[in-house]
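Hi everyone, thanks for making the time today. I'd like to walk you through one structure, and please stop me whenever something needs a second look.

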Amino acid sequence: MLESYKMTEFGFTQYETSCYMALVAQHPSNGSQLSKLSGIARSRIYDVLHTLTRKGIVFEIEQGMYVPLPPDELKKRLKNQFESNLDGFEKELDALTNVTDYEYILSLTGRDEVVQKAIEIIDHAKTELYIRLFPPCGEILAPHIEKASQRGVGIRYVCMGRMPQNFKIQIQHPDSETLVSKIGGESVDIIADKAEALVGMFELGKEDSSPFIWTKNKWFVVGNRDSLRHDFYHYFLNKTYDCNESLSEAEKHIYEFIKADE
């Protein structure tokens with residue numbers, strides 16, 4: 001059954017919504033019965049029924065007895081109406097939009113909003129994703145990143161903590177064990193297709209008010225993509241210089257790949 005608050009979002013009044021929902025719950029019904037079921041005064045119920053009948057949402061099957069358009073049919077009708085309206089709206093916007101090279105730098109706030117935007121960016125990536133994540137956010141986004149990889153998107157992953165080695169171009173940041181305390185929170189960096197960036201940090205104790213930046217601004221995207229590329233170099237330098245260890249064959253491959261991936 002359709003939820004009443006959803007119906008009002010499609011242009012139905014609260015009275016129309018209440019009447020339809022009551023009729024779905026019990027039909028056929030007459031005006032008096034619907035008045036009791038819906039809480040709409042008898043002086044108003046027949047006006048509401050007349051309006052719904054005119055819209056083809058309610059049908060009078062015999063004198064004074066009404067049935068609803070089946071919910072599945074209403075959902076189809078609303079879906080078709082929404083898609084038609086959206087298509088017309090898009091054409092109007094395309095006709096009005098000026099071509100410009102300017103790209104906005106927009107702010108997002110709150111974990112839910114940031115995670116939803118991250119999912120959207122990952123799901124629409126076409127060629128590459130540079131990603132730098134801490135484990136909590138990494139676990140949430142993991143299914144989407146994996147699907148992106150499966151459809152051919154190249155993943156370049158800097159793990160800010162211990163995570164499964166799921167991708168060929170993946171390293172763990174050398175200072176991952178102490179990074180949260182050092183920087184004061186958990187950062188999120190996602191750069192898609194050299195064209196779109198989502199960056200920011202969930203500050204400790206301020207996770208739902210920490211500002212993030214989402215943009216398609218060319219120079220912001222290029223700069224942040226290079227920031228992630230340099231984290232790979234940090235990893236290589238730490239291992240060879242600070243730890244005095246040799247790179248494995250897999251790590252040498254990652255090094256050569258990142259060096260060429262400008």
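I'll go through the salt bridges, then a pocket, a surface patch and a few backbone details. Keep in mind throughout that this is a predicted model.

Let's begin with charge pairs. A search over the whole structure turns up 14 salt bridges, and I've picked out a few for you.

Take Arg132 and Asp189, which form a salt bridge with their closest N and O atoms 3.2 Å apart. Arg132 sits in strand E4 (residues 128-133) and Asp189 in strand E7, so this pair ties together parts that are 57 residues apart in sequence. Are these two partners buried or exposed? Both Arg132 and Asp189 are buried.

Now for a pair within a single helix. Glu120 makes a salt bridge with Lys117, and here the closest N and O atoms are 3.0 Å apart. Both residues belong to helix H6 (residues 111-124), where they are 3 residues apart, about one turn of the helix. Their surroundings can be read from the accessibilities: Lys117 counts as buried because its relative accessibility is 12%, under the 20% cut-off. Glu120, on the other hand, is partly exposed, with a relative accessible area of 35%.

Helix H9 gives us another example. The side chains of Arg229 and Asp226 meet in a salt bridge at 3.4 Å, N to O. These two are 3 residues apart in helix H9, so about one helical turn separates them. Arg229 is at 7% relative accessibility and therefore counts as buried, while Asp226 is partly exposed at 27%. There is also a network: Glu128, Arg156, Arg225 and Asp261 are joined into one by salt bridges that share partners.

On to the pocket I wanted to show you, the second largest one, with a volume of about 160 Å³. Its lining is made up of 14 residues, and those nearest the centre are Gly138, Ala142, Tyr157, Pro164 and Asn166. Which element supplies the largest share of that lining? That would be helix H7 (residues 135-150), with 7 residues. If you sort the lining by class, you get 8 nonpolar, 3 polar and 3 charged residues.

Next, the surface. Phe82, Leu86 and Phe89 form a nonpolar patch there, and together they have about 300 Å² of accessible area. Phe89 is part of helix H5 (residues 71-96), and with a relative accessible area of 46% it is partly exposed.

For those of you who like to check backbone geometry, there are some spots to click on. The peptide bond from His27 to Pro28 is cis, with omega near -5°. You'll find Pro28 in the loop between helix H2 (14-25) and helix H3 (31-38).

Then look at the loop between strand E7 (185-192) and strand E8 (196-203), where Asp193 is located. Asp193 has a positive phi of about 55° although it is not a glycine. Lys194 lies in the loop between E7 and E8 as well, and its phi, near 55°, is also positive in a residue other than glycine. Asp193 is partly exposed, with a relative accessible area of 24%, and Lys194 is partly exposed at 46%.

One last stop: Ser246, in the loop between helix H9 (218-242) and helix H10 (249-260). At 62% relative accessibility, Ser246 counts as exposed. Its C-alpha atom is separated from that of Gly56 by 75 Å, and the two residues are 190 apart along the chain.

That's my tour, and I'm happy to take questions.

Methods: Residues are numbered from 1 along each chain as its sequence is written. This is a predicted model: local features need pLDDT of at least 70, side-chain atom pairs count only at pLDDT 80 or more; totals for chains, interfaces and linings use all residues. Side-chain values use heavy atoms; hydrogens and water are left out. Patches are made of residues with over 30% relative accessible area and no salt bridge: like charges are joined within 9 Å, nonpolar side chains (Val, Leu, Ile, Met, Phe, Trp, Tyr) within 5 Å. Accessible areas come from the Shrake-Rupley method with a 1.4 Å probe; for residues, only the protein chains shown count as cover. A salt bridge is a side-chain nitrogen of Lys or Arg within 4 Å of a carboxyl oxygen of Asp or Glu. Helices (H or I, at least four residues) and strands (E, at least two) are DSSP runs, numbered from the N terminus. Buried means under 20% relative accessible area, exposed over 50%, partly exposed in between (1.4 Å probe, protein chains only). On a 1 Å grid over the protein atoms alone, a cavity is a set of points where a 1.4 Å probe fits but cannot get out, and a pocket is an open set with protein on both sides within 12 Å along at least five of seven lines; lining residues have an atom within 4 Å of a point. Grid points are joined across faces, edges and corners, and a volume is the space filled by probe spheres set on the points. Ala, Val, Leu, Ile, Met, Phe, Trp, Tyr, Cys and Pro count as nonpolar, Asp, Glu, Lys and Arg as charged, and the others, Gly among them, as polar.
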